[in-house]
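Reader: I would like to go through the labels on this model and test each one against its cut-off. Please show me the structure.

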Amino acid sequence: MLIGELSRRTGVSARLLRYYEEQGLLEAERGTNGYRYYGEEAVVTVSQIRALLAAGLSTEVIRSVLPCFRDEGFEWCPDLRATLDRELQELDARMAELRRSRDTLADLLAGGTAAGQPA
């Protein structure tokens, strides 16, 4: 299928599909006319990419874990658990930092003092 059809079937813009290809997440064959041709499996692959992006993974991490994903789920490829555990820890750390920032801002709005500032 051509990129326009893949875009219609997945709801992902052609520009974003080209980006996924540039990032090594999606493969396309090139015709003699230079057009991209995608197989039927590309629909599932795009869906998996979107789900992994929604989980907060970077395209670099997705590139490393995407080969473990199948139509019905994923296989525990070597290092998959370690990769996902590391990503979860990084998300937890970012969330903790956001909570601290939120609390500081809430204190300022409530007329309190900023952390580290004298009362």
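Reader: How many aromatic pairs does a search of the whole structure find?

Author: The model is a predicted one. The search finds 1 aromatic pair. Its partners are Tyr19 and Tyr20.

Reader: Why is the pair of Tyr19 and Tyr20 called tilted?

Author: The planes are 55° apart. Under 30 degrees would count as stacked and over 60 as edge-to-face, so the rest, this pair included, is tilted. The ring centres are 6.5 Å apart, and the limit is within 6.5 Å.

Reader: Are Tyr19 and Tyr20 buried or exposed, and how do you know?

Author: Tyr20 has a relative accessible area of 1%. Buried means under 20%, so Tyr20 is buried. Tyr19 has 34%. That value lies between 20% and 50%, so Tyr19 is partly exposed.

Reader: What makes Arg9 and Glu40 a salt bridge?

Author: Their closest N and O atoms are 2.9 Å apart. The cut-off is within 4 Å, so the pair counts. Arg9 lies in helix α1 and Glu40 in the loop between β2 and α3, so the bridge ties together parts 31 residues apart in sequence. Glu5 joins Arg9 and Glu40 in a network of salt bridges.

Reader: Why is Glu40 called exposed, but Arg9 partly exposed?

Author: Glu40 has a relative accessible area of 51%. Exposed means over 50%, so Glu40 qualifies. Arg9 has 40%, so it is partly exposed.

Reader: Which salt bridge does Glu21 form, and what does it tie together?

Author: Glu21 meets Arg36, at 2.6 Å from N to O. Glu21 lies in helix α2 and Arg36 in strand β2, so parts 15 residues apart in sequence are tied together.

Reader: Where do Glu97 and Arg100 lie?

Author: Both are in helix α5 (residues 80-109), 3 residues apart, about one turn of the helix. They form a salt bridge, with the closest N and O atoms 2.8 Å apart. The whole structure has 4 salt bridges.

Reader: How do you know that the charged end of Arg81 sits over the ring of Trp76?

Author: The charged end of Arg81 is 4.4 Å from the ring centre. The distance limit is within 6 Å, so that part of the test is met. The label also requires an angle within 35 degrees of the ring normal.

Reader: What makes Tyr37 eligible for the nonpolar surface patch?

Author: Tyr37 has a relative accessible area of 34%. A patch residue needs over 30%, so Tyr37 passes on area. Leu2, Tyr35 and Tyr37 make the patch, of about 290 Å². Tyr37 is in strand β2 (residues 36-37).

Note on methods. Residues are numbered from 1 along each chain as its sequence is written. This is a predicted model: local features need pLDDT of at least 70, side-chain atom pairs count only at pLDDT 80 or more; totals for chains, interfaces and linings use all residues. Side-chain values use heavy atoms; hydrogens and water are left out. Patches are made of residues with over 30% relative accessible area and no salt bridge: like charges are joined within 9 Å, nonpolar side chains (Val, Leu, Ile, Met, Phe, Trp, Tyr) within 5 Å. Accessible areas come from the Shrake-Rupley method with a 1.4 Å probe; for residues, only the protein chains shown count as cover. A salt bridge is a side-chain nitrogen of Lys or Arg within 4 Å of a carboxyl oxygen of Asp or Glu. Helices (H or I, at least four residues) and strands (E, at least two) are DSSP runs, numbered from the N terminus. Buried means under 20% relative accessible area, exposed over 50%, partly exposed in between (1.4 Å probe, protein chains only). Rings of Phe, Tyr and Trp (its six-membered ring) pair if their centres lie within 6.5 Å; planes under 30 degrees apart count as stacked, over 60 as edge-to-face and the rest as tilted.
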